[in-house]
Amino acid sequence: MAFDARDKEISVDDFVRYADTGTMGKVLEIKTEDEIDWVLIDKTNLWYKAKLVELLDEKDIKIKFTPSGREVDIEELKEKADKLENMQMDSSVAEGGG
């Protein structure tokens with residue numbers, strides 16, 4: 001049994017978001033090592049400390065109506081998160097100097 005940053009219970013197949021980068025994905029596995037809970041996220045295939053992820057609600061995963069009238073699913077949200085993640089990395093790479 002693992003709990004997220006808000007002390008909500010995380011289960012396999014739940015969708016979570018890593019708070020630091022916004023990475024979202026489905027929990028594939030849960031393990032506990034040295035009294036620390038870890039979750040394996042499908043998108044990155046990396047282990048994250050459970051206390052550093054947030055369990056996503058249904059409203060975060062699927063939006064029924066958008067201004068364009070189409071349905072948005074988790075794959076679209078993942079793509080948007082990827083773009084945002086890449087943009088954040090790009091914008092912090094080079095700082096002006098002199």
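User: Strands are DSSP runs of at least two E residues, numbered from the N terminus. With that in mind, where is aspartate 4 found?
Analyst: This is a predicted model. Strand β1 covers 2-3 and β2 covers 9-10. Aspartate 4 is found in the loop between β1 and β2.

User: Is aspartate 4 buried or exposed?
Analyst: Buried means under 20% relative accessible area. Aspartate 4 has a relative accessible area of 0%, so this residue counts as buried.

User: Which backbone nitrogen lies 2.8 Å from a polar atom of the side chain of aspartate 4?
Analyst: Aspartate 4 touches Ile10, Ala50, Lys51, Val53, Glu54 and Leu55, leaving aside residues up to four places away in sequence. One of these contacts also brings polar atoms together: 2.8 Å from a polar atom of the aspartate 4 side chain lies the backbone nitrogen of leucine 55.

User: What does leucine 55 touch, not counting residues up to four places away in sequence?
Analyst: Leucine 55 is one of the residues in the largest nonpolar core. Its contacts include charged residues as well as Phe15 and Val16. The full set is Asp4, Arg6, Lys8, Glu9, Asp14, Phe15 and Val16.

User: Which elements give two or more residues to the largest nonpolar core?
Analyst: That core has 11 residues: Ala2, Ile10, Val16, Tyr18, Val27, Val39, Ile41, Tyr48, Ala50, Val53 and Leu55. Val16 and Tyr18 fall within 15-18, Val39 and Ile41 within 36-41, and Val53 and Leu55 within 53-55. Those stretches are β3, β5 and β7.

User: What is the order of the strands in the open sheet?
Analyst: The sheet has 5 strands, with antiparallel pairing. β6 and β7 stand at the edges with a single partner strand each, so one side of each has no neighbour in the sheet. From one strand to the next, the twist averages 45°. The order is β6-β5-β4-β3-β7.

User: How many bridges join β5 to β6?
Analyst: The two strands run antiparallel. Tryptophan 38 stands opposite lysine 49 in β6. The number of bridges joining β5 to β6 is 4.

User: Which residue stands opposite tyrosine 18 in β7?
Analyst: Strands β3 and β7 run antiparallel and are joined by 3 bridges. Tyrosine 18 belongs to the largest nonpolar core. Its opposite residue in β7 belongs to that core too. That residue is valine 53.

User: In β4, what is the bridge partner of phenylalanine 15?
Analyst: β3 and β4 run antiparallel, joined by 3 bridges. Across this pairing, the partner of phenylalanine 15 is lysine 26.

User: Which residue takes a positive phi near 85° in the hairpin of β3 and β4?
Analyst: The hairpin has 5 residues between the strands. The one with the positive phi near 85° is glycine 22.

User: With which side chain does the side chain of threonine 23 make a polar contact?
Analyst: Threonine 23 is in the loop between β3 and β4. At 2% relative accessibility, threonine 23 counts as buried. Its side chain makes a polar contact at 2.7 Å with the side chain of threonine 21.

User: How many salt bridges does a search of the whole structure find?
Analyst: Side chains of opposite charge can pair when their charged atoms come close. One such pair is aspartate 4 with arginine 6, at 3.9 Å from N to O. There, aspartate 4 is buried, whereas arginine 6 is partly exposed at 41%. The whole search finds 5.

User: How many residues apart are lysine 51 and aspartate 7?
Analyst: These two form a salt bridge, with their closest N and O atoms 2.3 Å apart. Lysine 51 sits in the loop between β6 and β7, and aspartate 7 in the loop between β1 and β2. Lysine 51 is partly exposed at 44%, while aspartate 7 is exposed at 53%. The pair links parts of the chain 44 residues apart.

User: Which strands hold glutamate 54 and arginine 17?
Analyst: The closest N and O atoms of this salt bridge are 3.6 Å apart. Glutamate 54 is partly exposed at 22%, and arginine 17 is partly exposed at 25%. The pair ties together parts 37 residues apart in sequence, because glutamate 54 and arginine 17 lie, in that order, in β7 and β3.

Key. Residues numbered from 1 in each chain as written. Predicted model: local features only at pLDDT ≥ 70, side-chain atom pairs only at ≥ 80, totals over all residues. Heavy atoms only, no water. Core = buried A, V, L, I, M, F, W, Y, C linked by side-chain atoms within 4.5 Å. Buried < 20%, exposed > 50% of the residue type's maximum accessible area, 1.4 Å probe, protein only. Contact = heavy atoms within 4.5 Å. Salt bridge = Lys/Arg side-chain N within 4 Å of Asp/Glu carboxyl O. Polar contact = N/O pair within 3.5 Å; in protein donor to acceptor, adjacent residues only side chain to side chain. Pairing = 2+ DSSP bridges. Axes fitted to C-alpha atoms, helices over the stretch in contact; angles between N-to-C directions.
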